[in-house]
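Biologist: I'm new to reading protein models, and I'd love to go through this one with you. Could we take it step by step?

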Amino acid sequence: MVRPNGPLICKGNTDITLLNADGELILKDKEFALCRCGLSRNKPFCDGTHKTIKGELTQSFTDKREEDITGLSGNLIITVKTNAMYSVTGPVTIFSRDGVSKTTRTKAALCRCGHSEKKPFCDAKHKQCGFVA
Ligand code: FES
């Protein structure tokens, strides 16, 4: 769930696997919150720092790459790319907190630097803004 001006709330029916860019396990859990403002001091997790910025992390989005995941199952894997996005693999529903925006995917690149113009998706702005995490 994409929280307005807040983190990505990740919830699974089974454990979600969170890996670093080297494929090492960070966490396996059914629920956690990932930073998407780029400012957390506890990256990749949210530490509430987003409260210090004003109204820049929209929850609304459209998605031209929506996929039908009907009947698909399997674990969700999120890889935290070095100084870049969250790479998501597995059947996933991405939705805004207000429920207005919603898509389904088997793969997605989600912004964690806070600068994408296509939030919650990555548009490679992390390179221009020199995101370091
Ligand atoms: S991580 Fe923000 S644009 Fe890629």
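Biologist: In which sense do strand 1 and strand 2 pair?

Modeller: Good place to start, and keep in mind that this is a predicted model. Strand 1 covers residues 8-20 and strand 2 covers 25-34. Eight bridges link strand 1 and strand 2, and one of the bridge pairs is I16 with D29 in strand 2. The sense of the pairing is antiparallel.

Biologist: Which residue in the turn between strand 1 and strand 2 has a positive phi?

Modeller: Strand 1 and strand 2 form a hairpin, with four residues between them. In that turn, a positive phi of about 85 degrees belongs to G23.

Biologist: Now to the whole chain: in what order do its elements run from the N terminus?

Modeller: The chain has one helix and five strands. Reading from the N terminus, the strands are followed by the helix, giving β-β-β-β-β-α.

Biologist: In what order do the five strands lie in the sheet?

Modeller: The sheet is open and its pairing is mixed. Strand 2 and strand 5 are the edge strands, as each pairs on one side only. From one strand to the next, the twist averages 35 degrees. Across the sheet, the order is 2-1-3-4-5.

Biologist: How many bridges join strand 3 and strand 4?

Modeller: Strand 3 spans residues 77-80 and strand 4 spans residues 86-95, and they pair in the antiparallel sense. I77 stands opposite T89 in strand 4, while I78 has V88 as its bridge partner. Their hairpin has five residues between the strands, and N83 there takes a positive phi near 55 degrees. The number of bridges between strand 3 and strand 4 is four.

Biologist: What is the bridge partner of F95 in strand 5?

Modeller: Strand 5, residues 102-110, pairs with strand 4 in the antiparallel sense over eight bridges. These two strands form a hairpin with six residues between them, where G99 in the turn has a positive phi of about 80 degrees. In strand 5, the partner of F95 is K102.

Biologist: Which residues have the most contacts inside the largest nonpolar core?

Modeller: That core has 18 residues. Strand 1, strand 4 and strand 5 each supply at least two of them. V88 shows how parts of the chain meet: leaving out residues up to four places away in sequence, V88 touches L76, I78, K107, A108 and L110. The residues with the most contacts inside the core are I78, M85, V88, A108 and L110.

Biologist: Is T70 buried or exposed?

Modeller: T70 sits in the loop between strand 2 and strand 3. Its C-alpha atom is 9.0 Å from that of P91, which is 21 residues away along the chain. A residue counts as exposed if 12 or fewer other C-beta atoms lie within 10 Å. T70 has 7 such neighbours, so T70 is exposed.

Biologist: What radius of gyration does the chain have, set against a compact globule?

Modeller: The C-alpha atoms fill a box of roughly 40 × 35 × 25 Å along the principal axes. Of the 133 residues, 26% count as buried. A compact globule with 133 residues would have a radius of gyration near 14 Å, so the chain agrees with that value at 14 Å.

Biologist: Among contacts with a separation of 6 or more, what share comes from residues 24 or more positions apart?

Modeller: Here we count how far apart the partners are along the chain. For residues 24 or more positions apart, the share of these contacts is 52%.

Notes:
Residues are numbered from 1 along each chain as its sequence is written. This is a predicted model: local features need pLDDT of at least 70, side-chain atom pairs count only at pLDDT 80 or more; totals for chains, interfaces and linings use all residues. Two strands pair if DSSP finds at least two bridges between them. The radius of gyration is taken over C-alpha atoms; the globule rule is 2.2 Å times the number of residues to the power 0.38. A residue is buried if 20 or more other C-beta atoms lie within 10 Å of its own, exposed if 12 or fewer, and partly exposed in between; C-beta atoms are placed from the backbone. Two residues are in contact if their C-beta atoms, placed from the backbone, lie within 7 Å. Axes are lines fitted to C-alpha atoms, for helices over the stretch in contact, and angles run from 0 to 180 degrees between N-to-C directions. A nonpolar core is a set of buried Ala, Val, Leu, Ile, Met, Phe, Trp, Tyr and Cys residues joined through C-beta atoms within 7 Å.
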